[in-house]
Amino acid sequence: EHIARSLAALGYVPALSADLCDLVVVNTCAVRAKAEQKAFSLLGQLAAVKARRPELVVVVAGCVAQQEGERIRERAPHVDLVLGTRAVHRLGSLLMQLGTRFRPLVAVEMDEPPDDSVKAPGVEGRNGVSRFVTIMRGCDNYCAYCVVPYVRGRETSRSPEAILHEIRELCTAGVREVTLLGQNVNSYGIKEGICSFAQLLEQVNSATDLARIRFTTSHPKDLTPELIESFATLEKLCPHIHLPVQSGSNRVLARMNRRYTREHYLDNVAKLRNSCRQISITSDLIVGFPGETQTDFEATLDLMQQVEFDSVFAFMYSDRPNTPARLFSEPVPEREKRERLHAVLALQDRITAAKHQRLVGSVQEVMAEGTSKRPAAAAAGSGKQWTGRTRGNKIVHFIDAGSDADADLIRPGRMVPVCIERALAHSLWGRLERPDASPGRR
């Protein structure tokens, strides 16, 4: 969104395909090897377009740009600008330099401070009523497998004033929900001595016109009693937390440099559910970390069964540049990693299905995000199909009755009661309930 706003200020508009573009920006992620491979695959495809249209400007941005720097041009000499993570706010000026220099630029300096300017709403994303707001950048945790500190820099927090101002600007533009972003939001403000993350949440809750507040991502070692209590006291804070555990084995957690134990994590989960009974807990898991034995892996499966996550993002371990884990001995064979990943996903599918099934018959408060571009067969002849999320971050597809009253009731950003009729693998299906229904009742 920030890149799109910068380009819009220069007069650019979105194009339908690379063949119609004057400029292509490939925004990249370096957290997993597969994401990096996909970025270079796309750059390979753009080489053919650039050969046909030499005037096309190709930009590589994001973490792969920061990680590889000049090496990107060795692999992809048709790239005109390599835009590091600290230089995104300079995209406009760098493009103008390209127009006068007529030779490629690489901007990957890490010593310039992160941009803390307020980002006006500007270009709308896919969903105009729910937006992301960055509250901090970088990371100081240095987990053994993670490249983020090396490509995003050390942890820095934005000022509460800048964050609140940006959110108020978004509210004026019609935004109803924001997700506060940081690599470790739990440590927000500690280095700068400004305020704690829980205190920031309290300010966002009381000093803005938002209907809902979400955040991601939390580190278990920094989950404070104050933040846990926020789920019970802040009415706009949605009952959902993404709390990456990565492994259920204390031995593996220590090798990962996660700085908490399985027992500490389970204690946090118990405290969260004691503070907010209906809270949804999601997580990240890495399988096949170097040295992970079958016993270690089974400890992860056991933790999953104890916690009963609402959903997980699970990945096979892959070596990343500059990280300590790339030098670890005892690599897990690729076949075993795949088998373990399949086992994790199968178990989570069963847990998620059971949780979704328990919601059938309940009425949930759903924030309508928009109409579906691909209406399900069940909605045929029954009015519009809408998509939204519950407060617990469950995706809900629902239909209205096609009446004028429903058309007036439902619009993007409106909170509507939906009776859940069907549990699907990754979402829920329901029908609009009349306004006098009570969200959450059976």
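1. A residue is called buried here when its relative accessible area is under 20%. With that in mind, and remembering that this is a predicted model, one can read helix H2, whose buried residues are Ala33, Glu36, Ala39, Phe40, Leu43, Leu46, Val49 and Lys50. These buried residues pack against strand E1 (23–28) and strand E2 (57–62), as well as against helix H3 (63–68) and helix H4 (71–75).

2. The length of helix H2 (residues 33–52) can also be checked: at 1.5 Å a residue its 20 residues should span 28 Å, and this agrees with the 30 Å that lies between its end C-alpha atoms.

3. Further along the chain there is an open sheet of 3 strands, in the order E10-E11-E12, with parallel pairing. Because strand E10 (240–242) and strand E12 (311–316) stand at the edges and have a single partner strand each, one side of each is left without a neighbour in the sheet. From one strand to the next, the twist averages 10 degrees.

4. Within this sheet, strand E11 (residues 280–287) pairs with E12 in the parallel sense over 6 bridges, and threonine 282 has serine 311 of E12 as its bridge partner.

5. Why does a search of the whole structure find 0 disulfides? For two of the cysteines the distances give the reason: the sulfur of cysteine 29 is 6.1 Å from the closest cysteine sulfur, in cysteine 63, which is too far for a bond, and the sulfur of cysteine 195 is 18 Å from its closest, in cysteine 171, again too far. A disulfide would need the sulfur atoms within 2.5 Å.

6. As for their surroundings, cysteine 29 counts as partly exposed at 35% relative accessibility, whereas cysteine 195 is buried, with a relative accessible area of 11%.

How values were computed. Residues numbered from 1 in each chain as written. Predicted model: local features only at pLDDT ≥ 70, side-chain atom pairs only at ≥ 80, totals over all residues. Heavy atoms only, no water. Pairing = 2+ DSSP bridges. Helix = DSSP H or I, 4+ residues; strand = E, 2+ residues; numbered from the N terminus. Axes fitted to C-alpha atoms, helices over the stretch in contact; angles between N-to-C directions. Expected span 1.5 Å × (residues − 1). Buried < 20%, exposed > 50% of the residue type's maximum accessible area, 1.4 Å probe, protein only. Contact = heavy atoms within 4.5 Å.
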